[in-house]
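Reader: I have a few "how do you know" questions about this one. Could you take me through the reasoning behind the labels?

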Amino acid sequence: MEDNLNKVLDELLPVEVADGFETDGYITKVKRLGNGHINRTFLVTFRDSDAYKKYVFQRINTRVFRMPEELMNNVVRVTDHIRAKTALAGGDPERATIRFIKARNGSYLVTDKEGERWRAYCFLDDCRSYEQVRCPEDFEKAGVALGRFQKLLADFPAGELCETIPNFHNTLSRVKDFEKIIEADPLGRRRECEEEVRFVLDRTGYAGKVLKAIDAGEVPVRVTHNDTKFNNVLMDDKTGDVLCLIDLDTVMPGSALYDFGDSIRFGASSAEEDERDLSKVYFVPELYDAYKKGYMSEVGSILTVKEKELLPFSAILMTYECGMRFLGDHIDGDNYFSISRPGHNLDRARTQFKLIKDMEDYFGITAG
Ligand code: ADP
Ligand code: GN1
Ligand code: MG
């Protein structure tokens, strides 16, 4: 029995990882956590005397994040900054962000025998994230949380952060990558999604607009989160308030528009990101308005005129970029985003394209 348990534990969480961080006691439970497409995340419960303590252990996908040391330096510094400013303002620093646990080797990373890189951080009790927004009020709170996040990091020296994924939201370079994939078409999948490919190619005019505004000095580079989907927002079970944004690997210099747009892409949809029945998928303007209201209550006085003007456009841009990435990954053979069924990335791309059509109609924006 114990051997079986050890084998299962070792498959989920190698022993050198389980023992590698400055945690006390012994493990009583390991459970898979979340729905992320990139990293692998576990909830690990330790027992020390009569006390139980929960941690999140995460295996970093190093094909995606190629500089894990620099990445850890980013997230440790950013979370320290958020904690310090929250404490100064009289808030609870331990619930305002996540706290990484030191490895016994003195760094924040443990390498397992397969060469995989792991990190650990404290699990926050009595809170959870959701795959879908339940009501406008929740989404408004998430907007406040993003605004606060950007405000707290406004005085962080952006130049000291490493770019954990170069050109992450450079939509022009994303279009180039997409064009290469459809040209190579390694598995012959393109012919089954010619309509979707056309959808992307008809809209390449969207790609350079924010970049141009950045170059023109109309949109500043700020410290941004860059992956603000609603399931990266922790909500307090008791108060219903937003605690903090998690999944900080892509925190780096970027545009506030990328964060706002990505939040809308995921949260202002009537359905989950991978819904197959497109009749259930539509853009919900009330959710857009709620999020914008919450967000602007924090950063309304900080954003430039151009940033404000481009908020609706940013929602289309980020949905376009993500849909193009899903479709590209499908045609490329599902090498990037985790999938749990054949055609999963194509399904995801289709929901994004449905949302784009709705937003184009609603906002009266075209790629021309
Ligand atoms: P990924 O999306 O890359 O798998 P996340 O960091 O977003 O990884 O974590 C996955 C899920 O685990 C989150 O959506 C959230 O539900 C839960 N989670 C992560 N960190 C914490 C934490 N510190 N406290 C409570 N829940 C957490
Ligand atoms: C990935 O890791 P996760 O699931 O929070 C991706 C985002 C996409 C998102 C789409 C590093 O986020 O850019 O918007 O999937 N993260 C990375 O759901 O590529
Ligand atoms: Mg996540």
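Author: Sure, and let's start with a term: a polar contact is a pair of N or O atoms within 3.5 Å. Keep in mind that this is a predicted model. By that cut-off, the 2.9 Å between an oxygen atom of ligand 1 and a polar backbone atom of asparagine 231 makes a polar contact, because 2.9 Å is within 3.5 Å.

Reader: What makes the pairing of tyrosine 121 with ligand 1 a polar contact?

Author: A polar side-chain atom of tyrosine 121 lies 3.2 Å from an oxygen atom of ligand 1. The limit is 3.5 Å, so that pair counts. Asparagine 232 brings in a polar side-chain atom as well, 3.0 Å from an oxygen atom of the ligand. As for cover, ligand 1 exposes 540 Å² when taken alone, and the protein buries 94% of that. Strand 3 (51–60) and strand 5 (117–122) are the elements that give two or more residues to its shell.

Reader: Which residues are closest to ligand 1, and how does its shell split by class?

Author: The shell has 18 residues, with Thr41, Gln58, Leu124, Ser129 and Asn231 the closest. By class there are 9 nonpolar, 8 polar and 1 charged.

Reader: Why do you say that ligand 1 lies between the domains?

Author: The chain is divided into domain 1 (2–125) and domain 2 (136–363). Both of them give residues to the shell around ligand 1, so the ligand lies between them. Ligand 2 gets the same description on the same grounds: its shell also draws residues from both domain 1 and domain 2, so it lies between them.

Reader: How do you know that domain 1 and domain 2 are in contact?

Author: Contact means heavy atoms within 4.5 Å. On that basis, 26 residues of domain 1 are in contact with 31 residues of domain 2. The centres of the two domains, taken over C-alpha atoms, are separated by 26 Å.

Reader: What makes polar contacts with ligand 2, and how much of it does the protein cover?

Author: Histidine 37 offers a polar backbone atom 2.8 Å from an oxygen atom of ligand 2. Aspartate 227 has a polar side-chain atom at 2.8 Å from a ligand oxygen, and an N or O atom in the side chain of arginine 325 is also 2.8 Å from one. A value of 2.8 Å is within 3.5 Å, so these are polar contacts. The protein covers 97% of the 440 Å² of accessible area that ligand 2 has on its own.

Reader: And what surrounds ligand 2?

Author: There are 17 residues around it, the closest being Asp227, Lys229, Glu273, Arg325 and Tyr336. They divide into 8 nonpolar, 3 polar and 6 charged. Helix 12 (residues 311–332) gives the most, with 3 residues.

Reader: Why is asparagine 39 called buried?

Author: Its relative accessible area is 11%. Buried means under 20%, so asparagine 39 gets the label. You'll find it in the loop between strand 1 (26–32) and strand 2 (40–48).

Reader: What does the side chain of asparagine 39 reach?

Author: It reaches the backbone nitrogen of asparagine 61 at 2.9 Å. A polar contact of 2.9 Å also joins it to the side chain of aspartate 249. Leaving aside neighbours within four places in sequence, asparagine 39 is in contact with residues including Gln58, Phe65 and Arg119.

Definitions and conventions. Residues are numbered from 1 along each chain as its sequence is written. Chains are lettered from A and ligands numbered from 1 in the order in which they are written. This is a predicted model: local features need pLDDT of at least 70, side-chain atom pairs count only at pLDDT 80 or more; totals for chains, interfaces and linings use all residues. Side-chain values use heavy atoms; hydrogens and water are left out. A residue is near a molecule or strand if one of its heavy atoms lies within 4 Å of it. A polar contact is a pair of N or O atoms within 3.5 Å; within protein, one must be able to donate a hydrogen and the other to accept it, and residues adjacent in sequence count only if both atoms are side-chain atoms. Accessible areas come from the Shrake-Rupley method with a 1.4 Å probe; for residues, only the protein chains shown count as cover. Helices (H or I, at least four residues) and strands (E, at least two) are DSSP runs, numbered from the N terminus. Ala, Val, Leu, Ile, Met, Phe, Trp, Tyr, Cys and Pro count as nonpolar, Asp, Glu, Lys and Arg as charged, and the others, Gly among them, as polar. Domain bounds come from an automatic or database domain assignment. Buried means under 20% relative accessible area, exposed over 50%, partly exposed in between (1.4 Å probe, protein chains only).
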